[in-house]
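Please read the following report with the sequence and the model side by side. It takes up a few parts of the chain in turn and describes each one.

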Amino acid sequence: MGARTAADGGVEQAAGHVKKGPGRRGGVWRSAPALIGGALVLLMAVLAVVGPIIWGAAAERIDAGAILQGASAEHPLGTDNLGRDLLARVLVAGRYSLALALLATLIGATVGIVLGALPSVLPRRGARLVTGAVNALVAFPGLLLAMFTAVATGLGARGAVLGIGVAIAPGFARLTQTLAASVAGADYVAAARMLGVPRRRILARHILPNIAEPLILNLAQSLGGALLGLAGMSFLGLGVQPPDFDWGRLLFDGFTWIYVNPEVALGPAAAVALAGIGFNLLGDTLARAASRSSAGQRDTARTAPPERAGEPDPDAVLEVHDLTVSFPGGSTPVRGLSLSIAPGEIVGLVGESGSGKSLTAAAIGGLVPYPGTVTYGRLRLGGADVATLSGKELGTALAMVFQDPMASLNPALKVGGQLAEVAVVHQGASRADARRRAVDRLGHVQLPEPAKQAAQHPHELSGGMRQRAVIAMGLMGTPRLIVADEPTTALDVTVQRQILRLLREVVEETGAALLFISHDIAVVGELCDRVVVMYAGRVVEELPADRLADDAAHPYTRALVASLPDLDTDRGRPLAGIPGTQPAPARVGAGCAFAGRCPLATERCRSERPELVVHGLRQRVACWEVTS
Ligand SMILES: Nc1ncnc2c1ncn2[C@@H]1O[C@H](COP(=O)(O)OP(=O)(O)OP(=O)(O)O)[C@@H](O)[C@H]1O
């Protein structure tokens with residue numbers, strides 16, 4: 001997870017999603033550019049199908065008595081040097097022009113995607129070579145590249161199509177490289193690499209499916225460019241050759257007589273312009289619709305009607321019921337998670353890496369990255385459905401503190417300025433008041449000489465000071481809930497202790513609740529009032545933190561507790577570990593996800609999933625062996 005605070009752009013982003021309703025998404029397709037683009041492309045498609053059938057004969061009919069005539073009722077766009085009707089020829093040329101553009105786009109896209117994907121599968125040296133070549137090609141003017149290729153491969157339609165394909169390819173390659181690089185950083189790709197999955201398979205299964213959508217969108221936009229490029233090539237005499245003709249060729253033929261009969265150039269020029277505009281408008285609309293729908297996937301979840309399973313708890317600060325986060329390809333890292341936190345309560349969410357803790361936090365803050373989908377029965381902050389909260393309300397009520405404080409702060413801005421911005425944006429405070437509050441908040445988190453630190457850039461502060469500044473940023477509002485996702489992992493042990501103490505003090509002073517996410521059960525046991533244990537996307541146990549050592553009931557919780565050293569631990573022996581690994585989010589079966597590693601597992605555990613049920617006082621457990 002990237003590190004950011006709810007007070008910064010992350011919340012603005014989340015807020016944007018809340019505001020965009022399904023009605024507005026439909027609006028993209030009802031906008032004037034979408035309607036015009038759609039109508040033009042539809043017209044071109046119909047023309048391509050019926051044009052040659054209806055006007056084919058008229059376009060070829062030679063009339064020695066009507067050579068080079070101007071516009072008339074019989075020939076609205078005039079005639080050419082063989083007396084052929086130019087309007088008919090323009091209408092017939094649509095099919096050839098569009099077919100060539102489609103072919104050139106497909107060639108460009110295929111070559112570009114292969115070039116863009118190669119660095120992901122090649123050894124480092126080869127990858128560098130391909131990337132360098134793509135960079136050089138991107139810097140080269142497209143039309144020149146097309147002309148060189150066309151001349152080298154032979155004049156005519158084939159050369160022009162190859163030329164335009166080659167000119168389009170570097171753009172696709174660059175886009176593929178950029179998209180692949182962003183996906184390559186995802187945890188699931190890292191996990192696949194660590195498991196030794198071959199590079200080609202990672203590319204085909206993990207990378208390409210996740211970048212397909214923007215590539216397809218680029219395809220639609222490139223079609224308009226290819227059409228214009230091909231017309232340009234034919235106009236220069238490098239493209240389609242007689243007796244074939246496309247719109248560019250008609251322009252080329254008409255150009256000689258343009259000073260005598262200007263209308264001879266009008267028809268093909270208008271056709272090229274209208275088709276180009278149509279494809280570009282449609283491509284833009286598709287891109288806008290896709291970006292809305294990616295936000296909308298989260299909207300859908302956020303606006304889902306509350307499922308009335310169990311009554312809402314009016315006293316809870318945070319209520320999560322049946323939260324699910326999934327990604328395309330059948331990966332569901334969070335599965336039906338329920339959790340509630342009372343005011344002033346510190347709840348620890350613990351579990352080993354990959355159990356879905358960070359995604360749970362991200363879902364609460366509306367920060368699940370695209371293309372993740374979040375659904376829930378209930379997700380309420382301070383009694384209100386988060387979907388109904390404005391960006392300002394969410395940013396004020398929720399503070400998020402992430403692992404890396406450096407990534408939460410903009411390195412180019414002074415610390416005080418960043419904090420002040422939160423008050424200006426969220427509370428409408430004046431600059432002077434916001435700065436005063438920023439210094440006050442920095443003092444509140446015990447940053448020495450807060451006025452001086454406010455004037456520093458983040459890199460001038462130590463790691464611990466930066467994390468204090470991030471917590472102070474969360475306190476610029478009046479948070480009812482602080483979500484801290486591994487806030488001390490990047491800090492040394494002494495500073496860790498200070499930050500944990502600070503978080504507890506902040507909770508005591510402000511009455512805010514704290515959801516503290518960690519894989520360290522020792523820290524959680526020490527800091528928290530209650531512990532929620534996650535395994536493979538589900539809560540498997542919930543119990544008071546002070547009962548962890550004695551009352552932990554789920555075999556997984558017990559194994560986590562047993563792995564902690566205590567005073568009696570024999571230091572000469574390795575720490576007790578939990579054999580095996582957690583199943584990947586896409587591979588969780590029907591039964592208990594822990595069954596494969598559980599010493600107590602029975603056939604029932606492997607086939608039937610135990611629900612989280614009340615067990616003893618203030619404890620809930622999901623385990624057949626414990627509860628039946
Ligand atoms: N953007 C994403 N796309 C697809 N899968 C993802 C994405 N982000 C996380 N996951 C997968 O979801 C699972 C849970 O991830 P999450 O980051 O919530 O785990 P975690 O419990 O916080 O682990 P850690 O302690 O290592 O941060 C992991 O298997 C991860 O690979």
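Which strands does helix 12 lie across? In this predicted model, helix 12 (residues 357–364) lies across strand 3 (346–350), strand 8, strand 9 (513–518) and strand 10, and helix 12 runs at about 150° to strand 8.

**The sheet**

These strands belong to an open sheet of 8 strands, whose order is 7-8-9-3-10-11-13-12 and whose pairing is mixed. Strand 7 and strand 12 (613–614) stand at the edges with a single partner strand each, so one side of each is left without a neighbour in the sheet. Two of the pairings are set out here.

| Strands paired | Sense | Bridges | One pair of facing residues |
|---|---|---|---|
| Strand 7 (residues 398–401) and strand 8 (residues 481–485) | parallel | 4 bridges | Leu 398 and Leu 481 |
| Strand 10 (residues 530–535) and strand 11 (residues 538–544) | antiparallel | 6 bridges | Arg 530 and Pro 544 |

Although strand 7 stands at an edge of the sheet, both of its faces are covered, with Leu 398 and Met 400 buried on one side and Ala 399 and Val 401 buried on the other.

**Helix 16 and its surroundings**

Helix 16 (residues 431–444) has 14 residues, which at 1.5 Å a residue should span 20 Å, and the end C-alpha atoms of the helix are indeed 20 Å apart. The buried residues of helix 16 are Ala 434, Arg 435, Arg 437, Ala 438, Val 439, Arg 441 and Leu 442, and what covers them includes helix 15 (415–427), helix 17 (450–454) and helix 18 (463–474). Just after helix 16, Gln 446 takes a positive phi of about 60°.

**A loop residue and its contacts**

Leu 564 is found in the loop between helix 22 (555–562) and helix 23 (603–607). Is Leu 564 buried or exposed? Leu 564 counts as partly exposed, because it has 15 C-beta neighbours inside 10 Å, whereas a buried residue would need 20 or more and an exposed one 12 or fewer. Leaving aside neighbours within four places in sequence, Leu 564 is in contact with Ile 521 and Ala 522; Ala 522 is 42 residues away along the chain, yet its C-alpha atom is separated from that of Leu 564 by 7.1 Å.

**Annotated regions**

The unreviewed UniProt entry carries the annotation "transmembrane region" for residues 34–55, 96–118 and 130–155. In the model, residues 34–55 are 100% helix and 0% strand, with end C-alpha atoms 29 Å apart, while residues 130–155 are 85% helix and 0% strand, with end C-alpha atoms 29 Å apart.

Terms used:
Residues are numbered from 1 along each chain as its sequence is written. This is a predicted model: local features need pLDDT of at least 70, side-chain atom pairs count only at pLDDT 80 or more; totals for chains, interfaces and linings use all residues. Helices (H or I, at least four residues) and strands (E, at least two) are DSSP runs, numbered from the N terminus. Two strands pair if DSSP finds at least two bridges between them. Two residues are in contact if their C-beta atoms, placed from the backbone, lie within 7 Å. Axes are lines fitted to C-alpha atoms, for helices over the stretch in contact, and angles run from 0 to 180 degrees between N-to-C directions. UniProt positions are given in the numbering used here, feature names are shortened, and annotations may be inferred rather than shown by experiment. The expected span of a helix is 1.5 Å times one less than its number of residues.
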